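Trainee: I'm new to this one. Could you walk me through it, a question at a time?

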Amino acid sequence: MKLVSAIIKPFKLDDVREAIAGMGIEGMTVTEVKGFGRQKGHTELYRGAEYQVDFLPKVKLEIATKAENLEMLLEAITKAAHTGKIGDGKIFVTDLEQAVRIRTGELDNEAL
């Protein structure tokens with residue numbers, strides 16, 4: 001099993017959700033986060049004063065998947081979140097040692 005964490009632009013969330021739902025993946029966790037990478041923030045104007053915004057709003061998706069679905073999932077997220085502009089985001093993949101569905105006690109792939 002794998003845990004996929006993707007940091008994407010907020011307005012691409014619906015596109016990504018539709019793309020992975022089409023694969024049959026039934027669940028994900030979404031968190032509103034702030035961060036920066038090469039984008040390095042931006043300058044905004046508020047009531048005539050200019051100020052630097054260092055942390056940009058992003059959305060973090062966490063999706064647990066079977067190892068055999070990993071490549072398809074990565075491709076779906078990459079295509080759906082792509083704008084071609086700086087700040088599109090990143091995807092991180094980690095091994096998932098165990099999963100438990102609390103309601104039924106199912107383990108690992110059955111719990112996903």
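Mentor: Happy to. Keep in mind that we're looking at a predicted model. Let's begin with Lys 9, which counts as buried at 13% relative accessibility.

Trainee: Okay, so where does Lys 9 lie?

Mentor: Look past the end of β1, which covers residues 2-8, and before α1, which covers residues 13-21. Lys 9 sits in the loop between β1 and α1.

Trainee: Why does Lys 9 count as buried?

Mentor: The cut-off for buried is under 20% relative accessible area. Around Lys 9, beyond the neighbours within four places in sequence, the contacts are Lys 58, Thr 83, Lys 85, Ile 86, Gly 87 and Asp 88. Lys 9 counts as buried because its relative accessibility is 13%.

Trainee: Now the sheet. What is the order of its 4 strands?

Mentor: It's an open sheet with antiparallel pairing. The edge strands are β2 (29-35) and β6 (89-95), each pairing on one side only. Neighbouring strands are turned by 20 degrees against each other on average, ignoring direction. Reading across, the order is β2-β5-β1-β6.

Trainee: How many bridges join β1 to β5?

Mentor: These two strands, residues 2-8 and 56-65, run antiparallel. Along the pairing, Ser 5 stands opposite Glu 62, and Lys 2 is across from Thr 65. The number of bridges joining β1 to β5 is 7.

Trainee: Which strands does helix α1 touch?

Mentor: Helix α1 packs on the sheet, and its direction makes about 10 degrees with that of β5. The strands α1 touches are β1, β2 and β5.

Trainee: And which strands does helix α2 touch?

Mentor: This helix, residues 70-81, packs on the sheet as well. Its direction makes about 5 degrees with that of β1. The strands touched by α2 are β1, β5 and β6.

Trainee: What is the bridge partner of Lys 2 in β6?

Mentor: Strands β1 and β6 run antiparallel and are joined by 7 bridges. Lys 2 is in strand β1, and its partner in β6 lies 93 residues apart from it along the chain. That bridge partner is Asp 95.

Trainee: How far apart are the closest N and O atoms of Lys 2 and Asp 95?

Mentor: Side chains of opposite charge can pair when their charged atoms come close. A salt bridge here needs the nitrogen within 4 Å of the oxygen. Lys 2 and Asp 95 form one, with their closest N and O atoms apart by 2.4 Å.

Trainee: Is Asp 95 buried or exposed?

Mentor: Its salt-bridge partner Lys 2 is partly exposed at 21%. To count as exposed, a residue must be over 50%. Asp 95 has a relative accessible area of 60%, so the word is exposed.

Trainee: Which residue does Lys 60 meet in a salt bridge?

Mentor: Lys 60 is partly exposed, at 28%, and its partner comes out as partly exposed too, at 27%. The N-to-O distance is 3.9 Å, and the partner is Glu 62.

Trainee: In which helix do Lys 79 and Glu 75 both lie?

Mentor: Their side chains meet in a salt bridge, 3.2 Å from N to O. Lys 79 is exposed at 62%, while Glu 75 is partly exposed at 45%. The two are 4 residues apart, about one turn of the helix, and that helix is α2.

Trainee: Last one: what does the salt bridge count come to?

Mentor: We've met several, including Lys 2 with Asp 95 and Lys 79 with Glu 75. The count comes to 7.

Note on methods
Residues are numbered from 1 along each chain as its sequence is written. This is a predicted model: local features need pLDDT of at least 70, side-chain atom pairs count only at pLDDT 80 or more; totals for chains, interfaces and linings use all residues. Side-chain values use heavy atoms; hydrogens and water are left out. Two strands pair if DSSP finds at least two bridges between them. Axes are lines fitted to C-alpha atoms, for helices over the stretch in contact, and angles run from 0 to 180 degrees between N-to-C directions. Contact means heavy atoms within 4.5 Å. Buried means under 20% relative accessible area, exposed over 50%, partly exposed in between (1.4 Å probe, protein chains only).
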